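This report goes through the sheets, the metal site and some backbone details of one protein model. The sequence and structure come first.

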Amino acid sequence: MTHILIVEDESRITTFLEKGLQASGYATTPAANSDEATAIALDGQIDLVLLDLGLPGQNGLELLKQLRGQGFQAPVIILTARSGIDDQVAGFELGADDYMTKPFRFEELLVRIRARLRTTVSASEPNAAILTFGDIALNLRTRRVSAGGRPIDLSAREFTLLETFMRHPEQVLSRQHLLDLVWGYDYEPGSNVVYVYVGYLRKKLGSHLIETVRGMGYRLVPTSAAAV
Ligand code: CA
């Protein structure tokens, strides 16, 4: 089972995260300070870390630096109320993989965790492993996609983009929102990657699947509605 270390000193947030993550099939271990976190992380059982920056004693950035310095390689997602660009830059320079500011939507956090793990839903939750929309089926565990029973070959990024659309069917998703969810901070400002990747998905899955909503973003639409 995928094991997530939650480094957080606010018990309210720890409880919220543990509940949500356990319901999504993850094992969790909380740590309220840097010393506890170091001991657990270096024990070798951790697949991903959610890291608060404002901790009592040694702060999250110092902890991150120390862990990476000791060869800890699992993905680290910083989860913090600090939204300053300096903290983000420092976090990435010290080896963080993603950065989310509080308050956050749990669903967004899950998408990012899965993107970082590239393994996704555990065997204890088999039904949640397959997302469907119309005749499209997306298996989160095997990372295979089919349309009308025909296998579709997607790159990792295309897969995550399609997964994001399928988690928000018929909902308009703005370009910025998609960048945040699918690319995290891994893109150039002013980048047209969303446009480009929506184009790839249309090419592979049919041009009507993703509708452009002018000035707003993109929306996954049922084939029948698109045909009207
Ligand atoms: Ca804190």
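Two strands are said to pair if DSSP finds at least two bridges between them. By that rule β7 and β8 pair, in the antiparallel sense, over 4 bridges. The model is predicted.

## The antiparallel sheet

The pairing of β7 with β8 belongs to an open sheet of 4 strands in the order β6-β7-β8-β9, with antiparallel pairing. At its edges are β6 (130–133) and β9 (150–152), each of which pairs on one side only. Ignoring direction, neighbouring strands of this sheet are turned by 25° against each other on average. Within the β7 and β8 pair, A137 has S146 in β8 as its bridge partner.

The loop between β7 (136–139) and β8 (144–147) holds R143. The phi of R143 is near 60°, which is positive although the residue is not glycine. Most residues other than glycine have a negative phi. R143 counts as partly exposed because its relative accessibility is 22%, and the cut-off for buried is under 20%.

## Helix α6 on the sheet

α6 packs on the antiparallel sheet and touches β6, β7 and β8. The direction of α6 makes about 115° with that of β7. The helix, residues 156–167, has 12 residues and reaches 16 Å from its first C-alpha to its last. That span is close to the 16 Å expected at 1.5 Å a residue.

How many of the 12 residues of α6 are buried? The count is 9, so α6 is largely enclosed by the rest of the structure. The buried residues are E158, F159, T160, L161, L162, E163, T164, F165 and M166. Beyond α6, in the loop that leads to α7 (175–183), lies E170. E170 is a residue other than glycine with a positive phi, near 60°.

## The parallel sheet

A second open sheet has 5 strands, ordered β2-β1-β3-β4-β5, and its pairing is parallel. Its edge strands are β2 (27–31) and β5 (98–101), and each pairs on one side only. From one strand to the next the twist averages 20°.

Strand β1 (residues 3–7) runs parallel to β2 and is joined to it by 5 bridges. Along this pair, L5 stands opposite T29 and I6 stands opposite P30. β1 is mostly covered, with 5 of its 5 residues buried. H3, L5 and V7 point one way from the strand, while I4 and I6 point the other way. Helix α5 (residues 106–117) lies across β1, β3, β4 (76–80) and β5, and runs at about 175° to β5.

## The calcium site

Which residues are the protein donors of the calcium ion? They are D9 and D52, each through OD, and G54 through O, and they lie 2.2 to 2.3 Å from the ion. In sequence these donor residues are spaced D-x42-D-x1-G.

Are D52 and G54 buried or partly exposed? D52 counts as buried because its relative accessibility is 4%, and the cut-off is under 20%. G54 has a relative accessible area of 33%, so it is partly exposed.

## Surroundings of D52

D52 is found in the loop between β3 (48–51) and α3 (60–69). Leaving aside neighbours within four places in sequence, its contacts are V7, E8, D9, G60, L79, T80 and K102. V7, one of these contacts, is also among the buried residues of β1. D9, another of the contacts, is itself a donor to the calcium ion.

K102 has a further link to D52: their side chains make a polar contact at 3.3 Å. What is the peptide bond from K102 to P103? This bond is cis, with omega near 0°. Most peptide bonds are trans. P103 lies in the loop between β5 and α5, and both of those elements belong to the parallel-sheet region described above, where α5 lies across β5.

Methods:
Residues are numbered from 1 along each chain as its sequence is written. This is a predicted model: local features need pLDDT of at least 70, side-chain atom pairs count only at pLDDT 80 or more; totals for chains, interfaces and linings use all residues. Side-chain values use heavy atoms; hydrogens and water are left out. Helices (H or I, at least four residues) and strands (E, at least two) are DSSP runs, numbered from the N terminus. Buried means under 20% relative accessible area, exposed over 50%, partly exposed in between (1.4 Å probe, protein chains only). A polar contact is a pair of N or O atoms within 3.5 Å; within protein, one must be able to donate a hydrogen and the other to accept it, and residues adjacent in sequence count only if both atoms are side-chain atoms. Contact means heavy atoms within 4.5 Å. Axes are lines fitted to C-alpha atoms, for helices over the stretch in contact, and angles run from 0 to 180 degrees between N-to-C directions. Donors are N, O and S atoms within 2.8 Å of the metal (3.2 Å for Na, K and Ca); water is not among the atoms, so sites may look incomplete. The expected span of a helix is 1.5 Å times one less than its number of residues.
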